[in-house]
Amino acid sequence: MESIVSSLERDGLAGANGGPVHRWIAKPTMSAYRMQYAIIADRDGRDRKGRRNDGVSMPSQDQRAEDLKDEPLYGVIHSVLRDHLERGALMDGLVLGEASVARAFQTSRIPASIALKLLHKEGLISDFDGRGYLVKGRRRSSPEPRRLDLLQAGLELPAHLAEPRRVRNRRNHIYRGVEHSVAACVVYGRFLLNESALAEHFSVSRTIAHEVLTQLERTGIAVQDRNQRWYAGPLTPADVAHHFEIRWLLEPEALRQSFPHLSKGELARRRDRVRRARASQIEPGELERIERDLHHDTLGHCPNTALLEAIARSQLVIVVIHSTFVSHQRTPELLKMLAEHRQIYDALLDGNSESAAAALEAHLRRSLRPNLELLARLEPLPDAHRPPYLVPAR
């Protein structure tokens, strides 16, 4: 019986209520497009619910806290740390390292690393001779490095992260980070997802760990073999080609259907974000933001949610692995990508949805070869970036 309802959950037709008594309820199909992609904090005049806030009615503190739950994990870490740094809430010289940040936010090192790189690029933290980054001192002289537990050093987590986790919230809390970490690793080969190690890493029960793995299976990232073991990857060249083919067939149609609902102000701000990007200095988080602007936020106005769900399954791994590929990207390829994004936005702003759709298809078709070339020359996965619940498998 459990295997049947688990299958229904994987298909999006049922869900566990998460209460003390584990009940399963039927539910209308949710848009995987909305579930799988979090929207990064939008500074272009809309809150994450799509409402205008051009100085007229800014979101309340409760609304901002609620919105923070919808950010990708590295976005949450970045937002929380940036707030502390701007307020001077962290002591001078405090060391912010991948391990200490990951431990404080109960996540893997990958989102912690992305958040720290963004903060460093913004000039809020500085390099030093040791590992990690330093909270800048208010004086000109460099502060003495202090390695302390971040929570004891004054880091205050948002309520939804700091409060004791109830069972029904734990899966949702850890899922996004696990999804991102696993998706970013599958380009390196095949991995066994150790259910016990996953539970231990996040201090959750085996039941919660199993539910997370089941959700990964539903999104197409993981599979379970006949021996009830879970595997992810490898993402082969054929897999990449198949995902891109689905995208160039479906995304142009989603763009056509989104066009009547798009705001020129939104499009102009997204185009300006692309123009400001410097290909030689782009960070993983910035690249993900630019990709999400076009392939998620712009297409997300499409009223055909079934179409968006089909697109999402092929987008998830491809978009997330830009975090992996960005350090291997070459400037000419990034310049082409940015130019193609601008071309699509220009066509949309000119009111020519067909030209925009054609440019999007051409962009996705051309992008296949560079991604395959990157896959071929990828170096082995550094052990520090492999979560302990992922074990290399043959």
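Student: What makes the crossing of α4 and α6 right-handed or left-handed in this model?

Tutor: In this predicted model, the crossing of α4 and α6 is right-handed. The term applies because the near helix is turned clockwise from the far one by less than a right angle.

Student: Why is α4 called oblique to α6?

Tutor: Start with the angle: helix α4 (residues 73–87) and helix α6 (residues 109–121) pack at about 40°, and their axes are 8 Å apart. Angles under 35 degrees count as roughly parallel, and 65 to 115 as roughly perpendicular. The angle of about 40° fits neither range, so α4 is oblique to α6.

Student: Which residues of α4 and α6 meet?

Tutor: From α4 come Leu73, Tyr74, Ile77, His78, Leu81, Arg82 and Leu85, and they meet Pro111, Ala112, Ile114, Ala115, Leu116, Leu118 and Leu119 of α6. Sorted by class, this contact has 12 nonpolar, 1 polar and 1 charged residues. Arg counts as charged, so Arg82 is the charged one.

Student: Now to another helix. Why is valine 212 called buried?

Tutor: Valine 212 has a relative accessible area of 0%. Buried means under 20%, so valine 212 meets that cut-off.

Student: Where is valine 212, and what is it in contact with?

Tutor: Valine 212 belongs to helix α10 (residues 206–218). Setting aside neighbours within four places in sequence, valine 212 is in contact with Arg171, Ile174, Tyr175, Val178 and Leu198. Each of these counts as a contact because heavy atoms lie within 4.5 Å. As for alanine 199, 13 residues apart from valine 212 along the chain, the C-alpha atoms of the two are separated by 9.8 Å.

Student: Let's turn to the sheet. Why do β3 and β4 count as edges?

Tutor: The open sheet has 3 strands in the order β3-β5-β4, with antiparallel pairing. β3 (95–96) and β4 (125–126) each have a single partner strand, so one side of each is left without a neighbour in the sheet.

Student: How do you know that β3 and β5 pair?

Tutor: β3 and strand β5 (residues 133–135) share 2 bridges, in the antiparallel sense. Pairing needs at least two bridges, so these strands qualify. Leucine 96 stands opposite tyrosine 133 in β5.

Student: What does the whole chain look like in numbers?

Tutor: The secondary structure comes to 17 helices and 9 strands. Of the 394 residues in the chain, 51% count as buried. Among contacts between residues at least 6 apart in sequence, 75% join residues at least 24 apart.

Definitions and conventions. Residues are numbered from 1 along each chain as its sequence is written. This is a predicted model: local features need pLDDT of at least 70, side-chain atom pairs count only at pLDDT 80 or more; totals for chains, interfaces and linings use all residues. Side-chain values use heavy atoms; hydrogens and water are left out. Axes are lines fitted to C-alpha atoms, for helices over the stretch in contact, and angles run from 0 to 180 degrees between N-to-C directions. Helices (H or I, at least four residues) and strands (E, at least two) are DSSP runs, numbered from the N terminus. Angles under 35 degrees count as roughly parallel, over 145 as roughly antiparallel, 65 to 115 as roughly perpendicular and the rest as oblique. Buried means under 20% relative accessible area, exposed over 50%, partly exposed in between (1.4 Å probe, protein chains only).
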